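User: Hey, I'm new to this one. Can you walk me through a few things in it?
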Amino acid sequence: MVFVLICYLNFRDPKISADTIADVSHWRISSGHALNNYDAVSDSSLTSRVCGLDQSLSVSGAQMELYSLASDYLMSEEKSLLRFFNGQTLCIVALICWFLMVLKELNHALALHRATLTVPSDDLTTIITDTDHTGAVRYTVKTLTRFRRMMGWLVLLYRFTSGGILLYVGITYLVNTIDIEELILNAVALGIILDIDDLIFDALATAPARHLVACLKPLPMPSLPRVRGIDCKSFVMFVSMVLFLVYAYVGMLLPMEKSLEDLRHAMCGNNKEFVWVRDSRSMTLMTATTPFASSSTDTAASPSVEASAIAEAIQSSSPGESGWAFSIWVEDAAELSRLRNLEEDNLNLDRNAACVDLASSVGPYLQYLREFLEDTSIQGCSDARSWCGLFSATSTDHRAFRVRMLCPQTCGCDAPDSEQLLTSGCPSSCPTVLSFRLKLRQGSCTEDVPSRLRKEPLWISWVGQLRRMALVQGDFQGKSKLTNLADAMWDWGCGFGANLTAQNITWGTCRQWNSNFAWNFRSPAYLCPISCLCTGGGPPPADSCPQPLEYHPERCPFWQAVLRRITGTISVDVQNHRNLIENVTLLTIFTHAVQDMLVEVLDNGIARSDVVITTAFERRLGNLEAGDQDFVEAEQAARRLAMAQLSFSINLPTGDHGDRAMTRLQNYTALQMTSNIAAGMLSGGIDTSSSSSLDFSVISSTATVGMGPSGESTGSR
């Protein structure tokens, strides 16, 4: 009876109900397509990953398991004969077995009762003893008391009642089991309940009771009416089994299957490939996702570079080494967190301070270039050159921006006289690299009149790009002013700024274009140094201002009359100089730290751009063209020196005679210089206290102050 009550109270509730379907619907609305659960690696929503049974999920495991159980039970996606052998078929087989076990139990109870009815009633229960032909003792029941007969009726009623309850509860239990493995186990477990009376007798019955039952002669069984060999009991039980099966299938199994179908549809029906977010206006914005496993029309779609990089890192045995096809490694988790929070411009500066082509050879940057341009045939930056000057009116098309970011040399970011007018994506460090500064030193501090500029190929290219941008389809910020800008540059040459101002069009300055334009243009200062105020002394107003004093002082005679200069040397002892040779970024940060040290020591209003750092070989480089073999060899030789002998040249502001600056330099010790440079490198992300970075110390320094480029000496230390 205890087992009957337990089964009745606990096994009747369905596992999949209307509340379950409502819960998964709420999960899909609130979490399944939320942007914060979007997976950038596979470009898919949480719903798509759950419905794809993605085993890499770290959340919504319960929902994925529920969907997996429902799918395995229904097997609705199977197209072959296997679809017939689903959970429904197994459940029907289990129900038939359960019916037969219960009917067997009821049949035994009915047979016992029918047999006791053949024994006469009396005031006493009479059992006689005799022996059979083998001499074994046998017991025969001759009479039963009326009380025992009444108890027999009660036992029959109890066994039929409990059997009926168990039959109903067992049907409900099996129908509500959606795990196929548990369905088989549950069908077997139900049979144990029917055998509990036998287990109790075998374990607890006394020896005399066991002996009596074992030696009791069978009671005579009256026959039942038969029709063509079939007795009425068997017929009634067969019909009962069929009726119960029909009831279980129509009333329980079909509704449960309908609930499973509704569950699968609520979780994974219709469109799974989108995510949503609520903006600051409390409006819901949505976008489609395109998982790489299904976004391609190819049957064997390739994963994204991001997915390939992570897979490559998982399979690696020595993370951080070079030679990776997809992975870009950084020093540690702290550095990774720092880079994640950097803005894109600062990140370009941090990871490409030398302004070199990152995607020029096989490696992760080339893989990203191929992915950005959706062209796996690209073999390097030279194949992507045509993208350098392209412009898109849509804010989501960043392909040209990415090309300039990965291929700054190919796109002319490292030269002030590049034909590419657009500089969005170029690392902000490009104006500080050697090739850019060499071009500035080869420039002129004069500018041509409009008629001559109209024959200048560089000017023609810039104006032509503006006109082509004005024809780009779509509406974008500043488009209406492009034609005005192009016409003003063509008609007025370097005076285009004054002409635009007269038209009430604000365009900005030679250093920074106005926010009215949705892009960054190259500064015109290289061709227009006078209009861009490059000749006024002090810090250049634009990164592209010509700086020819180092090699061609005759090109800017008006500077010599107003400028004084400090020149000198700094001797540096570099222990692990090979790091400087092999790490261009480290070399750039070291040079910037030396420049910042001199700016801080002089404390007279100069900027880093006023401090020119050279070596014995850099003067020779100034007379060579980038790309010449002599140029390359000289550059390599200069690097082999590991910057052991630094030469510096500082243009002083107008009116500054350099006396105070020289005094500060004389009072600044080599130890203070070493400490100051180390602090500057630390702010640039290089810890010189680490033996793996750079071990150096300043040995000595000299300086002189004079007029113009001739360096007329007025003091030294």
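Analyst: Sure, we can go through salt bridges, a charged patch and a helix, keeping in mind that this is a predicted model.

User: How many salt bridges are there?
Analyst: The count comes to 8 salt bridges. D39, R49 and D54, for instance, are linked in a network.

User: What are the N to O distances there, for D39 with R49 and for D54 with R49?
Analyst: For D39 and R49 it's 4.0 Å, and for D54 and R49 it's 2.9 Å. D39 sits in the loop between α2 and α3, while R49 is in helix α3, 10 residues apart.

User: Is R49 buried or exposed?
Analyst: R49 is buried, because its relative accessible area is 13% and buried means under 20%. D39 is buried too, at 17%, whereas D54 is partly exposed at 22%.

User: What does K217 pair with?
Analyst: K217 forms a salt bridge with D130, at 3.1 Å from N to O. K217 is in the loop between α9 and β4 and D130 is in strand β2, so the pair ties together parts that are 87 residues apart in sequence.

User: Switching topic: which residues form the negative surface patch?
Analyst: That's D195, D197, D198 and D202. D198 lies in helix α8 and is partly exposed, with 45% relative accessibility.

User: And helix α26, which of its residues are buried?
Analyst: A661, M662 and L665 are the buried ones in α26. They sit on the same side of α26, because they cover an arc of only 95° around the axis.

User: What's exposed on the other side of α26?
Analyst: D659 and N667 are exposed there.

Technical notes:
Residues are numbered from 1 along each chain as its sequence is written. This is a predicted model: local features need pLDDT of at least 70, side-chain atom pairs count only at pLDDT 80 or more; totals for chains, interfaces and linings use all residues. Side-chain values use heavy atoms; hydrogens and water are left out. Patches are made of residues with over 30% relative accessible area and no salt bridge: like charges are joined within 9 Å, nonpolar side chains (Val, Leu, Ile, Met, Phe, Trp, Tyr) within 5 Å. Accessible areas come from the Shrake-Rupley method with a 1.4 Å probe; for residues, only the protein chains shown count as cover. A salt bridge is a side-chain nitrogen of Lys or Arg within 4 Å of a carboxyl oxygen of Asp or Glu. Lys and Arg count as positive and Asp and Glu as negative; His and the chain ends are not counted. The place of a charge is taken as NZ of Lys, CZ of Arg, CG of Asp or CD of Glu. Helices (H or I, at least four residues) and strands (E, at least two) are DSSP runs, numbered from the N terminus. Buried means under 20% relative accessible area, exposed over 50%, partly exposed in between (1.4 Å probe, protein chains only). The arc is that of the directions from the helix axis to the C-beta atoms.
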